[in-house]
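The following exercises lead the reader through a structure, one step at a time. Please attempt each task before reading its solution.

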Amino acid sequence: MSTPEMLTPRAMGTPRRRVEGPAKVTGTARYAAEHPLDRPVHLHPVLATIPRGRVTAIDTSAAEAVDGVVAVLTTRDADALADTSDREFTVLQDDEIGFRGQYVGAVLADTPEAAREGADRVEVTYEQDDFRAVLDPDAGELYAPDAVNPAFATDSVIGDADAALGEAEVVVDATYTTATTHNNPLEPHSSIVVWEPDGGRFTIFDSTQGVSTTRSNVATVFGMDEADVDVISPHVGGGFGSKGNLHANVVLACLAARRVPGRPVKYPLTRQQMFSLVGYRTPTIQHVRLGATREGRLSALVHDVVEQTSRTKEFAEQTATYSRSVYAAPHRRTTHRLDMLDVPVPSWMRAPGECPGSFAAEVAMDELAVACDVDPVELRIRNEPDADPETGKPFSSRHLVECLRRGADRFGWSRRDPTPRARLVDGWWSGTGVAASAYPTNRSPGSGATIRYHRPAADGAEHWDVEIAAADIGTGARTVLGQIAADALGVDVDTVEVTVGDTAVPPATVAGGSSGTASWGSAVVDAAQRFRAKYGTDPSDGDEIEGATPENDWSEHYAMSAFGAQFAEVLVHADTGEVRVPRMLGVFAAGRILNPVTARSQFIGGMTMGLSMALHEDSVMDPRSGHVVNHDLANYHIASCADVGDMDAEWIDEEDPYVNPMGSKGIGEIGIVGAAAVVANAAYHATGVRVRSAPMLVDHFLD
Amino acid sequence: MRPFTHLRPDTAGDAVATVAADPDAVFLAGGTNLVDHLKLGVATPGTLVDVTGLTSTAVEDLPDGGLRVGAGVRNSDLAGDPRVRRAYPALAAALLAGASGQLRNMATTGGNLLQRTRCAYFQDVTTPCNKRVPGQGCAARDGWTRYHAILGAAQDSAGLQHCVAAHPSDMAVPMLAFDAVVRLTGPDGDRAVPITEFYRLPGDDPSRDTVLRRGELITAVDLPPSPIAARSTYRKVRDRASYAFALVSVAAAVAVEDGTVTDARVAFGGVAHGPWRATRAEDVLRGAPATDDTYRAAADAELADAAPLDTDVGGNAFKVPLLRGTLTSTLRTLVEGAA
Ligand SMILES: Cc1cc2nc3c(=O)[nH]c(=O)nc-3n(C[C@H](O)[C@H](O)[C@H](O)COP(=O)(O)OP(=O)(O)OC[C@H]3O[C@@H](n4cnc5c(N)ncnc54)[C@H](O)[C@@H]3O)c2cc1C
Ligand code: SF4
């Protein structure tokens with residue numbers, strides 16, 4: 001095969017602001033719950049207050065008596081669903097409770113206040129069974145899942161790691177933990193659902209990372225044709241993975257809509273509800289063992305992960321996969337084991353797998369650097385593999401070393417004295433650290449795109465419609481797809497208008513796995529090429545064509561991944577243990593950067609979320625009740641502006657013709673990968689205290 | 001959320017009469033705490049009596065040189081008042097360390113003093129809480145106590161602590177250090193309660209945070225003249241750099257002559273059922289050399305009776321060294337800044 005052709009960048013690579021930016025800052029961009037529909041009915045759910053057992057009685061009379069209440073839905077009277085194979089979606093189908101916070105009913109009312117009051121007055125009686133809600137490898141039967149998210153091998157073994165560890169000159173053997181964290185996008189999950197009984201159609205305004213997946217999942221659950229489910233989602237206030245899969249909230253809103261045919265049912269989740277119903281990141285316990293020569297060359301790398309899943313539905317985070325592709329080592333092993341608990345269903349959260357896995361792997365590398373007395377930048381360079389360490393495939397492009405060198409240069413790394421706890425400035429211990437980042441380059445088949453040409457006779461100004469049911473969750477996808485379309489067609493970007501977030505246009509894969517731009521962009525390029533092939537350079541008004549994401553045959557031959565290096569400066573107060581991060585720099589090699597404005601916000605957004613994981617985020621599960629006690633944003637801390645110092649991201653130009661015609665790699669997730677580790681590594685350099693858990697709190701640094 | 005009636009009486013007297021007569025009525029000021037409680041079902045009043053505009057929104061000079069802060073003064077206005085910034089800098093700093101800009105613009109002086117604990121179980125009606133429902137039990141005691149008390153929550157004869165909550169106000173901490181006086185008007189007339197006597201320890205009735213009687217309205221807070229307060233500071237340690245409640249906080253003022261502490265005022269936040277006046281620490285400081293050893297000894301004297309909670313869900317033993325470190329660092333910085 002000859003090297004594939006790449007698009008010539010004209011609009012691609014230029015800084016363009018989000019096209020919907022003005023609408024968003026003036027408040028005219030409509031989010032899911034804001035679509036104005038006549039006579040909406042407001043839904044407030046009733047949630048289980050036990051973690052495991054069953055509902056034995058439910059008394060709705062007081063709720064029904066509340067002024068304004070229209071209907072009360074319970075397990076006793078909700079419509080039967082057609083497909084009950086997925087327990088997460090079998091809403092109100094039986095009396096079994098699988099986790100605290102599960103839906104056991106819903107109240108529909110003319111006002112949100114009446115719905116809430118009604119829900120408070122539903123009396124539910126339970127029979128509670130024994131349960132476990134906290135990850136504890138000693139209490140439960142751990143098991144190996146068939147695969148880890150989405151379809152990776154659960155374990156991987158190359159060579160004889162135990163023997164190599166036994167012979168290694170230097171060994172790092174440590175256990176790292178990361179806390180449960182919740183995605184908490186600013187816009188809560190929200191839907192408005194209308195059921196039209198004639199013909200049986202759902203119209204769903206939803207806050208989702210994929211209208212096509214919402215459509216197909218709803219169709220399956222309700223036993224309908226996909227064509228009878230319309231999903232509309234023009235703007236989404238963040239998702240971070242939690243809006244990538246359908247969750248039970250949409251099923252509940254659909255069930256409710258069937259109860260009030262013709263009337264729109266409005267259901268925005270409260271922040272508290274988001275802690276039990278829309279996914280979260282599992283806590284992890286990660287045992288890492290590194291064997292190396294005195295010079296720091298790895299001979300063995302073992303990464304064993306224990307994490308939780310829900311009895312309601314299995315989700316196995318691919319935490320150790322990070323360790324499968326970043327560093328060379330002849331002997332290696334990774335494993336994943338799950339503890340099945342009576343807890344809400346974990347799911348995707350920005351860089352599932354890579355994010356927690358890199359925390360353990362990159363802190364362990366820092367420990368190895370200390371143990372070998374080798375500079376941690378140099379240590380990573382020494383362990384750079386020639387090819388993907390597990391598959392043996394060459395990388396389509398890989399510039400981790402260049403990122404490390406460029407970052408070290410920009411950050412002033414050469415002046416660093418490696419001695420820990422050696423710099424006390426105005427009462428603060430100061431230190432710096434480094435970590436690597438990596439994220440696989442994905443492209444999913446299954447998206448289509450329409451391109452339509454317009455030349456109004458009157459003024460003759462030509463104009464192109466590009467339509468694809470992609471999701472713009474704040475990333476700038478709509479803007480970037482316009483840039484791609486312009487270059488694929490060879491036209492001015494200002495003549496292109498992109499429509500996303502609507503099942504009325506060709507279907508698209510979910511905004512997940514940092515695959516959106518690559519997958520959707522490839523469909524747009526395919527449509528553009530077909531358009532030119534069919535209509536040439538002088539099309540007529542109304543000419544249109546559809547294209548689709550092609551398979552990428554090159555992925556058989558190459559390993560594809562983006563890489564990066566992160567640097568941080570950390571201050572730890574000598575008397576109070578407070579941690580501050582005045583400076584953080586990420587340098588990334590992620591193919592062609594299609595739009596520096598929106599790319600920068602993805603990189604630093606990911607890094608900020610990693611900083612937040614390092615210092616704050618911690619969903620505290622109460623083992624007695626099975627619920628997250630700090631379930632609001634006053635108690636579940638995310639980084640505030642004051643926690644984010646001088647944070648910067650840059651990138652090196654990387655040309656990769658094998659990934660897709662744009663030469664782009666996914667950038668939505670790589671920023672969070674390694675970000676928590678770099679903070680922990682810098683905190684060690686500052687204080688000499690090695691923190692092996694995230695988040696790091698004042699407690700860790702107090703005597 | 002229970003439907004309620006919203007009343008806007010014309011005078012403070014009418015407001016007091018309404019609330020005194022109706023056990024189902026409560027005062028509403030900025031609403032930043034109460035409205036959350038309505039939504040969460042923590043408070044279920046039938047009537048909200050809006051008192052914004054019924055109490056003074058001014059900071060006035062008192063003849064003795066102190067200041068009178070109207071109960072309706074917004075937290076942001078109080079923080080920005082030049083007299084407060086000059087004469088009671090710890091108070092201005094404490095206000096600015098609280099909540100967010102938007103919240104401070106709404107929050108009032110009266111409402112701030114009476115804001116309720118942030119105990120996560122208090123705020124969740126599905127968990128037992130003696131403060132919300134007397135006799136129900138305390139879910140926090142063996143639960144998540146990162147934001148809970150280490151001082152002043154006495155055990156009863158059965159060894160139980162009825163409530164281990166901490167009071168969340170930052171503003172109240174320097175007010176306590178400076179011996180502020182809370183002025184009230186009620187169905188039985190006006191009275192003034194020193195803030196040192198205003199907050200209660202939980203004892204066996206944690207449902208009451210203060211000595212306020214039914215229907216009593218806070219009208220103002222008096223700040224007595226206090227030369228030492230002019231050299232004061234507020235230090236708040238929290239789980240992020242901004243917009244979080246205190247893990248521990250310290251309001252402190254010191255006078256030092258020739259390397260010896262001649263006078264001191266110290267109060268703590270985040271460690272007890274109300275703001276905590278550290279009189280034992282003050283006693284150790286007075287007359288002692290202005291050194292780290294003294295500051296640590298002062299902290300240890302106050303912490304001698306500390307009873308941190310050790311639970312599976314996250315205890316708060318860390319608050320003992322944290323408070324020691326915070327007091328030491330605060331006093332050192334204050335003294336060095338003055339030198
Ligand atoms: C997200 C968040 C973060 C916060 N962070 C902080 C923080 O870091 N530090 C901090 O100190 N505070 C913080 N707060 C709390 C905030 O300071 C209080 O909510 C505020 O001070 C309450 O004042 P208000 O006027 O809004 O009171 P309201 O909510 O109106 O009332 C509170 C209570 O006081 C009663 N009341 C009000 N005025 C009077 C009066 N004159 N006489 C008698 N009773 C009265 C009401 O009946 C009610 O019980 C935070 C709040 C939120 C929501
Ligand atoms: S500590 Fe106090 S407020 Fe919290 S649950 Fe216990 S009794 Fe309630």
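**Exercise 1. A phenylalanine in a loop**

In which loop of chain A is the place of A:F240? State also its backbone angle phi and its exposure class.

Solution. The structure is a predicted model, in which local features need pLDDT of at least 70 and side-chain atom pairs count only at pLDDT 80 or more, while totals for chains, interfaces and linings use all residues. Residues are numbered from 1 along each chain as its sequence is written, chains are lettered from A and ligands numbered from 1 in the order in which they are written, and side-chain values use heavy atoms, without hydrogens and water.

Step 1. A:F240 is in the loop between β11 (229-232) and α6 (248-259) of chain A. Helices (H or I, at least four residues) and strands (E, at least two) are DSSP runs, numbered from the N terminus.

Step 2. Phi of A:F240 is positive, near 55°, and the residue is not a glycine.

Step 3. A:F240 counts as partly exposed because its relative accessibility is 30%. Buried means under 20% relative accessible area, exposed over 50%, and partly exposed in between, with a 1.4 Å probe and protein chains only.

**Exercise 2. Further backbone features of chain A**

Locate A:D426 and decide its exposure class; then describe the peptide bonds that lead to A:P150 and A:P695.

Solution. Step 1. A:D426 lies in the loop between β16 (424-425) and β17 (428-440) of chain A. Its phi is positive, about 50°, although A:D426 is not a glycine. With a relative accessibility of 73%, A:D426 counts as exposed.

Step 2. The peptide bond between A:N149 and A:P150 is cis, with omega about -10°. A:P150 belongs to the loop between β6 (123-128) and β7 (156-158) of chain A.

Step 3. A cis bond also runs from A:A694 to A:P695, where omega is near 0°. A:P695 is in the segment after β27 (693-694) of chain A.

**Exercise 3. Residues far apart in sequence**

How far apart in space are the C-alpha atoms of A:L81 and A:T220, and those of B:A241 and B:A97?

Solution. Step 1. A:L81 and A:T220 are 139 residues apart along the chain, and their C-alpha atoms are separated by 9.2 Å. A:L81 is in the loop between β3 (69-74) and β4 (96-97) of chain A. A:L81 is buried, with a relative accessible area of 9%.

Step 2. B:A241 and B:A97 are 144 residues apart in sequence, and 9.7 Å lie between their C-alpha atoms. B:A241 is in the loop between β9 (232-237) and β10 (248-257) of chain B. At 16% relative accessibility, B:A241 counts as buried.

**Exercise 4. The build of chain B**

Describe the secondary structure, the dimensions and the domains of chain B.

Solution. Step 1. Chain B holds 12 helices and 12 strands. Of its 339 residues, 56% are buried.

Step 2. The C-alpha atoms of chain B fill a box of roughly 60 × 50 × 35 Å along the principal axes. The radius of gyration of chain B is 20 Å, which agrees with the value near 20 Å for a compact globule of 339 residues. This radius is taken over C-alpha atoms, and the globule rule is 2.2 Å times the number of residues to the power 0.38.

Step 3. Chain B is divided into domain 1 (1-50) and domain 2 (228-338), with bounds from an automatic or database domain assignment. The centres of the two domains, taken over C-alpha atoms, are 37 Å apart.

**Exercise 5. The surroundings of ligand 1**

Which residues are closest to ligand 1, and which element gives the most to its shell?

Solution. Step 1. Ligand 1 is surrounded by 31 residues, and B:F27, B:G31, B:T32, B:T108 and B:D170 are the closest. A residue is near a molecule if one of its heavy atoms lies within 4 Å of it.

Step 2. α7(B) gives the most to this shell, with 4 residues. Because domain 1 (1-50) and domain 2 (228-338) of chain B both give residues to the shell, ligand 1 lies between them.

Step 3. A polar side-chain atom of B:T108 is 2.7 Å from an oxygen atom of ligand 1; a polar contact is a pair of N or O atoms within 3.5 Å.

Definitions and conventions
A polar contact is a pair of N or O atoms within 3.5 Å; within protein, one must be able to donate a hydrogen and the other to accept it, and residues adjacent in sequence count only if both atoms are side-chain atoms.
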